[in-house]
Amino acid sequence: MRTRIAIPIVLCIAMLLGSVSATWAYAGEQPLGTRQAQAADAEELMRRFEEAAHSLYKASYADNRQAGYKYVQQLERLLPQLETGIEGRPAGWAKLQQSIRAVSDELLSKKQSVAWMESSARIHLTADAMLRPASGLWMQYERVMLEDVSRVRKAWKRPYEERADAARAVMDNLSAHLALVEGPAFMLRPEGRAKELQERIRYTNVLLSAGPKDQAQAGRVDEALTQLGAAVSRLFTDKPQTIVEEPALAPPASANPVSWTLLLGAIIMAVLAYKSWRKYKQQPYGIKPLP
């Protein structure tokens with residue numbers, strides 16, 4: 001093959017390989033200052049979101065619908081930016097979006113109701129947990145929920161026929177507490193942990209509904225309550241792993257000028273090589289000017 005074809009092809013291959021290498025190097029070796037600046041921007045965004053969530057919760061507690069609508073609009077504007085700048089689990093983002101939508105719909109309905117307080121509380125707990133994954137407010141609910149399980153056990157042990165009804169009443173409190181912490185639980189923990197606790201609650205309620213028929217039934221309830229308490233503890237435990245599973249401040253994607261330059265150069269060289277090849281095929285023995 002003639003030199004006029006070989007040179008563009010060689011340059012094309014070289015630039016293409018350089019583009020790939022530059023992309024890999026850029027992805028893993030961004031300047032420390034750039035990463036720190038991006039992390040700081042993401043943290044500032046998270047703080048703004050948490051402040052709006054906290055203000056929304058205070059507005060819901062005071063039933064200040066005008067202020068609540070103002071803050072829920074802020075959350076709706078910040079959420080898309082938050083999803084691109086902060087790591088989180090898909091189920092957690094879905095729960096957060098659902099809670100924000102529930103508050104917005106409730107406020108737009110203009111009904112005199114405080115039902116939006118529960119959704120506002122979930123948003124507040126989720127935002128606080130994302131900003132403080134190791135010490136968020138939602139972690140305090142572990143003790144509360146374990147106390148719920150203990151109260152269910154005490155109610156079940158009481159020597160009267162209505163003990164199953166008393167135990168189920170306490171189980172309702174446990175379910176309500178789980179509903180409050182679902183947001184941070186799905187955002188910070190593997191999805192299976194929250195679902196396991198939900199299933200344990202459902203199964204325990206089934207056993208309690210059957211009532212104290214015999215000794216075997218009583219034993220099954222005791223075992224279910226033991227497993228229920230273990231599931232509560234697992235929900236709040238951040239199990240140590242090689243890679244820590246908690247939201248991190250992820251830097252947003254940015255362009256890599258070196259890789260783009262090499263890639264465009266490779267494309268240009270490929271076009272030149274193709275043009276040279278076509279010209280060579282049309283005139284393989286073209287007349288060359290005399291020296």
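Student: Which helices do the buried residues of α8 pack against?

Tutor: The buried residues of α8 pack against α6, α7 and α9. Contact here means heavy atoms within 4.5 Å, and buried means under 20% relative accessible area, with exposed over 50% and partly exposed in between (1.4 Å probe, protein chains only). Helices (H or I, at least four residues) are DSSP runs numbered from the N terminus. Please keep in mind that this is a predicted model, where local features need pLDDT of at least 70, side-chain atom pairs count only at pLDDT 80 or more, and totals for chains, interfaces and linings use all residues. Residues are numbered from 1 along each chain as its sequence is written, and side-chain values use heavy atoms, leaving out hydrogens and water.

Student: Where do the buried residues of α8 sit around its axis?

Tutor: First the general idea: an α-helix has 3.6 residues a turn, so residues three or four places apart point the same way. Now the case at hand. The buried residues of α8 are Arg193, Ala194, Leu197, Ile201, Thr204, Leu207 and Leu208. They cover an arc of only 145° around the axis, which puts them on the same side of α8; the arc is taken from the directions from the helix axis to the C-beta atoms.

Student: How do I read the way α6 and α7 are arranged?

Tutor: Fit lines to the C-alpha atoms over the stretch in contact, and take the angle, from 0 to 180 degrees, between N-to-C directions. Angles under 35 degrees count as roughly parallel, over 145 as roughly antiparallel, 65 to 115 as roughly perpendicular and the rest as oblique. Here the two axes come within 8 Å and cross at roughly 170°, and α6 and α7 are therefore roughly antiparallel to each other. Among the residues that meet are Met145 and Val149 in α6, and Met171 and Leu174 in α7.

Student: Which residues have the most contacts inside the largest nonpolar core?

Tutor: A nonpolar core is a set of buried Ala, Val, Leu, Ile, Met, Phe, Trp, Tyr and Cys residues joined through side-chain atoms within 4.5 Å. The largest has 35 residues, and Trp138, Met145, Leu197, Leu228 and Leu235 have the most contacts inside it. The helices α5, α6, α7, α8 and α9 each supply at least two of its residues, and α7 gives the most, with 11. Leaving aside neighbours within four places in sequence, leucine 228 touches Val149, Met171, Leu174 and Leu197, among others.

Student: Is glycine 136 buried or exposed?

Tutor: Glycine 136 counts as buried, at 3% relative accessibility. Glycine 136 is found in the loop between α5 and α6. Beyond four places in sequence, its contacts are Asp128 and Ala129.
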